Amino acid sequence: MSNKVHLGHTARKRFGQNFLTDSNIINRIVGAIAPDNDHVMVEIGPGLAALTEPVAEGIDKLTVIELDRDLVERLQQHPLLKDKLEIHQGDALRFDFNQLLQEGKKLKVFGNLPYNISTPLMFHLFTFAEHIANMHFMLQKEVVLRLSAAPGSKAYGRLTVMAQYYCQVVPVLEVPPESFTPPPKVDSAVVRLVPYAQKPWQCHDIKLLEQVTSTAFNMRRKTLRNNLKQLFSDNDFAALGIDPTLRPEQISVSQYVALANCLYGKQG
């Protein structure tokens, strides 16, 4: 891949644009995504088509969601891509991914996500998880560490619990700043999220899981008893076999699900 595609478009700070230009890294990411015609392939934020071109090469159709009108226009005129792309101009955070579903096909979603939207976008996509085969995202390395963290680590938090409730999380590769133009000030990494066909823990009301985790992690240095005292008594903790003197990052995803289900029961 030459850098020619990058001429004539200046990366814009407001869209968090850093364009991937390292062909070796691009090939490895495309290999991980494994494009095929058995899934609806969906790219979020194709930018200057660094991933779009090699992904589209081996398949019949690629759906892209892009907010930047200038980039949409370029894609519509792109000699290699214009006949293969189904372009949706708009905000992926508000996009209804159900409208892309085809008979007997799940979605494979991928993208190089700007830092400022990565967490809300993943939360949005989790609501469509049953229709998604897998997701591959390029993110800041610290976000990938948070997604894949184990209980007891500094990176473990609300995002960890919610992501691991819905998906198996697999870090794929690290991507150094010099793989981008302009080089970002942080390290990046690619993560694979594979939604569970059967979740290991069933939560009765996902809103309650979100409430419990955000309340618990609101003040990380305090104990569960302190942070959750409005929601749970010591008897509740005892009944669930959870030590209330632990800090929020010390309990597992299944224990958070148990707390949410306990709250569900209390609310009747």
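**Exercise 1. Determine how many residues of each class line the largest cavity, and where these residues come from.**

Step 1. The lining of the largest cavity has six nonpolar, two polar and no charged residues. Here Ala, Val, Leu, Ile, Met, Phe, Trp, Tyr, Cys and Pro count as nonpolar, Asp, Glu, Lys and Arg as charged, and the others, Gly among them, as polar.

Step 2. The structure is a predicted model, in which local features need pLDDT of at least 70, side-chain atom pairs count only at pLDDT 80 or more, and totals for chains, interfaces and linings use all residues. Residues are numbered from 1 along each chain as its sequence is written, and side-chain values use heavy atoms, with hydrogens and water left out.

Step 3. The lining is made up of I29, L51, F110, G111, H136, F137, M138 and V190. Two elements, β5 (107-112) and β6 (132-140), each give two or more residues to this lining. The largest share, three residues, comes from β6. Helices (H or I, at least four residues) and strands (E, at least two) are DSSP runs, numbered from the N terminus.

Step 4. The structure holds one cavity of 30 Å³ or more, and the volume of the largest cavity is about 40 Å³. On a 1 Å grid over the protein atoms alone, a cavity is a set of points where a 1.4 Å probe fits but cannot get out, and a pocket is an open set with protein on both sides within 12 Å along at least five of seven lines; lining residues have an atom within 4 Å of a point. Grid points are joined across faces, edges and corners, and a volume is the space filled by probe spheres set on the points.

**Exercise 2. Describe the second largest pocket by its volume and its lining.**

Step 1. The space in this pocket amounts to about 190 Å³.

Step 2. Its lining consists of 13 residues, and A129, E130, P195, Y196 and K199 lie nearest the centre. By class, nine of the lining residues are nonpolar, one is polar and three are charged.

**Exercise 3. State which residues have the most contacts inside the largest nonpolar core.**

Step 1. A nonpolar core is a set of buried Ala, Val, Leu, Ile, Met, Phe, Trp, Tyr and Cys residues joined through side-chain atoms within 4.5 Å. Buried means under 20% relative accessible area, exposed over 50%, and partly exposed in between (1.4 Å probe, protein chains only).

Step 2. The largest core has 58 residues, and I44, F97, F137 and Y256 have the most contacts inside it. Helix α10 (residues 253-267) supplies the largest share of this core, seven residues.

Step 3. A second, separate core has 24 residues, including M41, L51, M138 and F180.

Step 4. Contact means heavy atoms within 4.5 Å. Residues up to four places away in sequence being left aside, I44 touches I65, A92, F97, V109, F110, G111, N112, L113, L121, L125 and F137. In soluble globular proteins, nonpolar side chains tend to be buried together.

**Exercise 4. Decide whether I117, T119 and N134 are buried or partly exposed.**

Step 1. I117 belongs to helix α4 (residues 115-126). Its relative accessibility is 21%, so I117 counts as partly exposed.

Step 2. T119 also lies in helix α4. T119 is buried because its relative accessible area is 18%. Beyond four places in sequence, T119 is in contact with R146 and L159.

Step 3. N134 is part of strand β6. N134 is buried, since its relative accessible area is 14%. Beyond four places in sequence, the contacts of N134 are L107, K108, V109, L193, V194 and P195.

**Exercise 5. Identify where the backbone has a cis peptide bond and where A34 and A49 lie.**

Step 1. Most residues other than glycine have a negative phi, and most peptide bonds are trans.

Step 2. The peptide bond from T181 to P182 is cis, with omega near -15 degrees. P182 is placed in the loop between β8 (180-181) and β9.

Step 3. A34 has a positive phi of about 55 degrees, although A34 is not a glycine. This residue is found in the loop between α1 (23-33) and β2 (40-44). With a relative accessible area of 33%, A34 is partly exposed.

Step 4. A49 is likewise a residue other than glycine with a positive phi, near 75 degrees. A49 lies in the loop between β2 and α2 (52-57). A49 is buried, with a relative accessible area of 1%.
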